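The following exercises ask the reader to examine a protein model step by step. Each task is followed by a worked solution.

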Amino acid sequence: MLICGRDLTLGYEGQAIVSGLSFSVDEGDYLCIVGENGSGKSTFIKTVLGLVEPLKGSIEYCGGLKKNEIGYLPQVSGIQRDFPSSVMEVVLSGCLNRKRRILGYSGEEKEKGRTELRRLGMADYIQASFQELSGGQQQRVLLARALMATEKLIFLDEPVAGLDVKATSELYEILRELNRVGITIMMVTHDIHPVLNDARTILHFSHSRYIFCSKERYLDSEEGRLFMREAGHDC
């Protein structure tokens, strides 16, 4: 097990959004987090990453995982996509949360950056300008950045938003391969495809309640069937 949340109440300034939440993330899991807007998904992300404290309950990090060793790929704004840096500079910035030194990157960090870019098919773009890449290429670079922080777990927030069909398919295949080699995936998504094709467990938020279970149980639940209908899937 990597993360375990027990009897959590999530919210801000004493105002609860979700209460009684318990969940766990095992090594090698592929967890999809779904639900309505405003139902608690963003608060959940911030709580897992340690950016906000739960109003009640506790989160335990296990298996040698630390909060600053979760690779995080947030939703990307236009400003971030236009950031005027080289691909390598963007990737190396993924080390910052774990660095003890203020200035410079070690040779080991630079080699890891090159390794992650090779793994994601971006080795030929190391010196390229990040803002001149396509959306799919930028997302690969940002995934490489997230991988700089971790050997265990990546947390992605709507990673295919704004991507075309080809780039979306390629990114999902990359995530499958990362999962196959042992990296745990946590993903917030509105897309039914990873839920149907890749997830092992589902965390579904709806206003004032939640469901945490296997994919099979979720797809057989009322909430799961509604999710599929809203996504246009014939269930």
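**Exercise 1. Describe the surroundings of threonine 189.**

Step 1. The side chain of threonine 189 reaches the backbone nitrogen of aspartate 191 at 2.8 Å. A polar contact is a pair of N or O atoms within 3.5 Å; within protein, one must be able to donate a hydrogen and the other to accept it, and residues adjacent in sequence count only if both atoms are side-chain atoms.

Before the next step, the basis of the values should be stated. The model is predicted: local features need pLDDT of at least 70, side-chain atom pairs count only at pLDDT 80 or more, and totals for chains, interfaces and linings use all residues. Residues are numbered from 1 along each chain as its sequence is written, and side-chain values use heavy atoms, with hydrogens and water left out.

Step 2. Threonine 189 is placed in the loop between β7 (184-188) and α7 (192-197). Helices (H or I, at least four residues) and strands (E, at least two) are DSSP runs, numbered from the N terminus.

Step 3. The relative accessible area of threonine 189 is 2%, so this residue is buried. Buried means under 20% relative accessible area, exposed over 50%, and partly exposed in between (1.4 Å probe, protein chains only).

Step 4. Not counting residues up to four places away in sequence, threonine 189 touches Cys32, Ile33, Val34, Glu158, Tyr172, Pro194 and Val195. Contact here means heavy atoms within 4.5 Å.

**Exercise 2. Determine where leucine 153 lies and which residues it touches.**

Step 1. Strand β6 (residues 153-157) contains leucine 153.

Step 2. Leucine 153 has a relative accessible area of 0% and is therefore buried.

Step 3. Beyond four places in sequence, the residues that leucine 153 touches include Leu2, Ile3, Val25, Leu65 and Ile183.

Step 4. Glutamate 27 is 126 residues from leucine 153 in sequence, yet their C-alpha atoms are 8.3 Å apart in space.

**Exercise 3. Analyse the aromatic pair of tyrosine 72 and phenylalanine 155.**

Step 1. Rings of Phe, Tyr and Trp (its six-membered ring) pair if their centres lie within 6.5 Å; planes under 30 degrees apart count as stacked, over 60 as edge-to-face and the rest as tilted. By this rule there are five aromatic pairs.

Step 2. In the pair of tyrosine 72 and phenylalanine 155, the centres are 6.3 Å apart and the planes meet at 80°, an edge-to-face arrangement.

Step 3. Tyrosine 72 belongs to strand β5 (residues 70-73) and phenylalanine 155 to strand β6, so the pair ties together parts 83 residues apart in sequence.

Step 4. Tyrosine 72 is partly exposed, at 25% relative accessibility, whereas phenylalanine 155 is buried, at 0%.

Step 5. Ring pairs link Phe23, Phe44, Tyr72, Phe155 and Phe205 into a cluster.

**Exercise 4. Explain why cysteine 62 forms no disulfide.**

Step 1. A disulfide is a covalent bond between the sulfur atoms of two cysteines. The criterion is a pair of cysteine sulfur atoms within 2.5 Å.

Step 2. The closest cysteine sulfur to that of cysteine 62 belongs to cysteine 4, and the distance of 6.3 Å is too far for a bond.

Step 3. The count of disulfides by this rule is zero. Cysteine 62 is buried, at 15% relative accessibility.

**Exercise 5. Characterise the pairing of strands β1 and β2.**

Step 1. Strands β1 (residues 3-12) and β2 (residues 15-25) run antiparallel and are joined by seven bridges. Two strands pair if DSSP finds at least two bridges between them.

Step 2. Opposite tyrosine 12 stands glutamine 15 in β2.

Step 3. This hairpin has two residues between its strands, and glutamate 13 there takes a positive phi near 50°.
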